[in-house]
Amino acid sequence: MNNFKNKYMRGINLGGWISQYRRGLKIGDSHFDDFITEKDIEQISGWGLDHIRLPVDYMIFEADENPGIYDVAGLDYIDKCIEWCKKYGLNLIIDLHHAPGFSFHTLATNTLFTDEKMQKRMTDIWVNFARRYINEGDNLCFELMNEIVEPDSSRWNALAGKIVEKIREVDKTRIILIGGNSYNSVSELKNIAIIENDDYIVYNFHFYEPMLLTHQMAGWNKFNMDYGLKPLYPSVFPGIAEFIEKFPQYSGFEKYDGLYVDIEILKEYLKPALEFMANNPDKLLYCGEYGVIDVCDLQSRINWHRDFNNLMDEYNICRAVWSYKNMGFKFVGNNSEVYNQELVDIISGK
């Protein structure tokens with residue numbers, strides 16, 4: 001189990017390939033063969049990273065009208081990524097980004113936690129993966145679910161525990177990652193139910209703090225659009241008092257009024273992670289996503305990534321940046337050309 005830190009210290013997400021792709025696309029469309037190719041995996045390896053987090057939407061291999069029937073053509077993309085990673089010395093985490101009945105962007109219509117059929121479908125997916133990849137070693141990990149959003153952690157803790165039990169009937173030593181509630185918030189680590197007597201569980205959080213910086217002008221994030229400004233890092237964020245006066249529903253952001261936001265603020269946000277490690281010294285922690293939107297001032301983006309990665313090194317926490325190509329947080333452009341070499345060097349530890 002100690003090998004996890006040797007294999008998954010610095011990685012990158014492949015968002016937008018077989019997850020969060022444009023709806024209406026079907027297997028056979030050029031996107032799936034062109035968005036990520038073997039050359040991309042070779043490039044990532046050449047950067048000096050050690051792993052990839054691969055977000056996967058269940059629809060790539062299972063249709064709602066045929067539950068439990070898995071499309072080999074869709075699964076082949078995961079298989080190819082595993083083989084490419086092995087060829088270029090990278091390890092891989094399969095992240096179920098959109099599960100049957102649940103996604104973080106369909107909160108009004110999710111049914112996973114109220115529909116036992118959906119829970120069985122999700123469990124069966126992981127059992128199928130466990131069987132399909134039984135001959136892979138610690139080059140491959142499973143991440144049960146991306147960014148749970150629930151009123152509290154009870155239903156997710158119960159379901160995650162059941163899925164782990166079913167995977168363990170097939171594979172006793174597959175490393176399994178479990179994240180917390182509220183979009184994998186670092187503050188929710190304390191509410192994840194620790195699975196005892198299993199040395200192959202890793203606990204997961206995401207980090208995009210402060211959101212007014214990392215998601216500035218993000219069209220899918222209403223409060224950032226209402227704020228309407230592009231703060232720098234490090235800096236005092238402008239116009240906070242006026243923002244709160246105009247939008248009193250965002251009163252939680254009063255703390256930023258006049259506050260100099262720098263590495264010390266990142267340390268404050270990361271305290272729950274340090275507390276989790278102190279309270280669970282025999283458990284491993286992983287940051288599955290972090291980053292700053294690419295409309296942000298480039299130097300600010302560089303500064304934030306440097307500070308965050310320095311803290312992760314100081315705290316000895318494994319991580320994967322969001323995201324390799326496009327997705328609003330790009331490290332490469334449409335033709336896989338490097339967006340900024342300094343950013344690449346920072347995430348690679350050079």
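These notes cover a predicted model and deal with its strands, one helix, and several backbone details.

1. Strand β5. This strand spans residues 175-179, and five of its five residues are buried, so β5 is largely enclosed by the rest of the structure. In a regular strand the side chains alternate between the two faces of the sheet. Here both faces are covered: Ile-175, Leu-177 and Gly-179 are buried on one side, and Ile-176 and Ile-178 are buried on the other.

2. Pairing of β5 with β4. Strand β4, residues 140-143, runs parallel to β5, and the two are paired over three bridges. In this pairing Cys-141 is the residue opposite Ile-175 of β5. The connection deserves a look as well: β4, helix α6 (residues 154-170) and β5 together form a β-α-β unit, and that unit is right-handed.

3. Pairing of β5 with β6. Strand β6, residues 201-207, is also parallel to β5, and four bridges join them. Gly-179 is found opposite Asn-204 of β6. Gly-179 is also one of the buried residues of β5.

4. Ile-201. This residue belongs to strand β6. Its relative accessibility is 2%, so Ile-201 counts as buried, the cut-off being under 20%. Between Ile-201 and Val-164 the C-alpha to C-alpha distance is 9.1 Å, while 37 residues separate them in sequence.

5. Helix α4, geometry. The helix runs over residues 72-87 and has 16 residues. From the first C-alpha to the last it reaches 22 Å, close to the 22 Å expected at 1.5 Å a residue. At its N-terminal end Asp-71 acts as a cap, with a side-chain oxygen 2.9 Å from the backbone nitrogen of Ala-73. Just after the helix, Gly-89 has a positive phi of about 75°.

6. Helix α4, surroundings. The buried residues of α4 are Gly-74, Leu-75, Tyr-77, Ile-78, Asp-79, Cys-81, Ile-82, Trp-84 and Cys-85. The elements that cover them include the helices α2 (30-34), α3 (38-47) and α5 (116-132). Strands contribute too, including β2 (51-57), β3 (91-98) and β4. Strand β4 is thus listed here as part of the cover of α4 and, in point 2, as a parallel partner of β5.

7. Cis peptide bonds. The bond from Glu-209 to Pro-210 is cis, with omega near -15°. Pro-210 sits in the loop that links β6 to α8 (211-214). A cis peptide bond also joins Trp-322 and Ser-323, where omega is about -5°. Ser-323 is in the loop between β10 (318-321) and α13 (341-348). A reviewer may wish to inspect both sites.

8. Tyr-183. The phi of this residue is near 65°, a positive value in a residue other than glycine. Tyr-183 is part of helix α7, residues 181-184. With a relative accessible area of 37%, Tyr-183 is partly exposed.

9. Asn-326. This residue is not a glycine, yet its phi is positive, at about 55°. Asn-326 lies in the loop between β10 and α13, the loop that also holds Ser-323. The relative accessible area of Asn-326 is 24%, which means that it is partly exposed.

Key
Residues are numbered from 1 along each chain as its sequence is written. This is a predicted model: local features need pLDDT of at least 70, side-chain atom pairs count only at pLDDT 80 or more; totals for chains, interfaces and linings use all residues. Side-chain values use heavy atoms; hydrogens and water are left out. Buried means under 20% relative accessible area, exposed over 50%, partly exposed in between (1.4 Å probe, protein chains only). Two strands pair if DSSP finds at least two bridges between them. A crossover is right-handed if, with the strands pointing away from the viewer, the path from the first strand over the helix to the second runs clockwise. The expected span of a helix is 1.5 Å times one less than its number of residues. Contact means heavy atoms within 4.5 Å. A polar contact is a pair of N or O atoms within 3.5 Å; within protein, one must be able to donate a hydrogen and the other to accept it, and residues adjacent in sequence count only if both atoms are side-chain atoms.
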